[in-house]
Amino acid sequence: FSIGLTASKQLSDRDTWVSEASYLWFIENEYADGSTVRFGPELRLNTAWVRKLQGDAESKFRFDGVIEANYLNLGRDREDGQGADATGGQILYLTPGLRLYKDRFSLALGVMLPAWNDLNEEGDQQGSEGLENYRLVGTFSYLF
């Protein structure tokens, strides 16, 4: 399940500020052997500055530069009702990126760079979040 809130403010004809907060929580999963696992909740706080680098309203083209700060607070997973070791913690990513709009299409590409982390039992974590050197992220969308 998730709940979130997004706000944006146009600062000038070229600059926009965007902020987002979301909270995700998960249901408990029961396996055939009777064991249970519930992933820890996630709090995400993101803020971004978007700068229009080039645009032409007549041809419906726009090219933006983006710099984001992404904070992620991961709750500890639970296995059979007990807190699971080497899960959960906090991560701050800095994410520079680019977005291209043409007609009804949008394509974005960014590189998430972990700037800081405080992970529970960091040496034993699997490295899925916060321990990577970078994360390449992209989106493709079409407006109906």
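This is a short tour of a predicted model, with a selection to make at each stop.

**Stop 1: three strands side by side**

Begin by selecting residues 61-74, which make up strand β6, together with residues 89-102, which make up strand β9. These two strands run antiparallel and are joined by 14 bridges. To see one pairing up close, pick F61 and look across to β9, where K102 stands opposite.

Keep β9 on screen and add residues 105-119, strand β10. This pair is antiparallel as well, with 12 bridges between β9 and β10. K102 is a handy landmark here too, since F105 in β10 stands opposite K102. Now zoom in on the turn: β9 and β10 form a hairpin with two residues between them. Select D103 in that turn and you will find a positive phi of about 55°.

**Stop 2: the salt bridges**

The whole structure holds five salt bridges. We will visit some of them, including the one between the side chains of D15 and R51, where N and O are 2.7 Å apart. D15 belongs to strand β2 (residues 15-24) and R51 to strand β5 (residues 42-56), so this contact ties together parts that are 36 residues apart in sequence. Is D15 buried or exposed? With a relative accessibility of 11%, D15 counts as buried, because the cut-off for buried is under 20%. Its partner R51 is partly exposed, at 29%.

Next, select E121 and R76, another salt bridge, with the closest N and O atoms 3.0 Å apart. Here both residues sit in loops: E121 in the one between β10 and β11 (135-142), R76 in the one between β6 and β7 (78-79). The pair therefore links parts that are 45 residues apart in sequence. E121 is partly exposed, with a relative accessible area of 34%, and R76 is partly exposed at 30%.

For one more, show E132 and R135, whose side chains meet in a salt bridge at 2.8 Å, N to O. E132 is buried, with a relative accessible area of 14%, while R135 counts as partly exposed at 23%.

**Stop 3: a charged patch**

Finally, turn on the surface and select E28, E30, D33, E79, D80, D85 and D124. What do these residues form on the surface? They gather in a patch of negative charge. Within this group, pick out E30, which lies in strand β3 (residues 29-30). E30 has a relative accessible area of 62% and is exposed, because exposed means over 50%.

Definitions and conventions: Residues are numbered from 1 along each chain as its sequence is written. This is a predicted model: local features need pLDDT of at least 70, side-chain atom pairs count only at pLDDT 80 or more; totals for chains, interfaces and linings use all residues. Side-chain values use heavy atoms; hydrogens and water are left out. Patches are made of residues with over 30% relative accessible area and no salt bridge: like charges are joined within 9 Å, nonpolar side chains (Val, Leu, Ile, Met, Phe, Trp, Tyr) within 5 Å. Accessible areas come from the Shrake-Rupley method with a 1.4 Å probe; for residues, only the protein chains shown count as cover. A salt bridge is a side-chain nitrogen of Lys or Arg within 4 Å of a carboxyl oxygen of Asp or Glu. Lys and Arg count as positive and Asp and Glu as negative; His and the chain ends are not counted. The place of a charge is taken as NZ of Lys, CZ of Arg, CG of Asp or CD of Glu. Helices (H or I, at least four residues) and strands (E, at least two) are DSSP runs, numbered from the N terminus. Buried means under 20% relative accessible area, exposed over 50%, partly exposed in between (1.4 Å probe, protein chains only). Two strands pair if DSSP finds at least two bridges between them.
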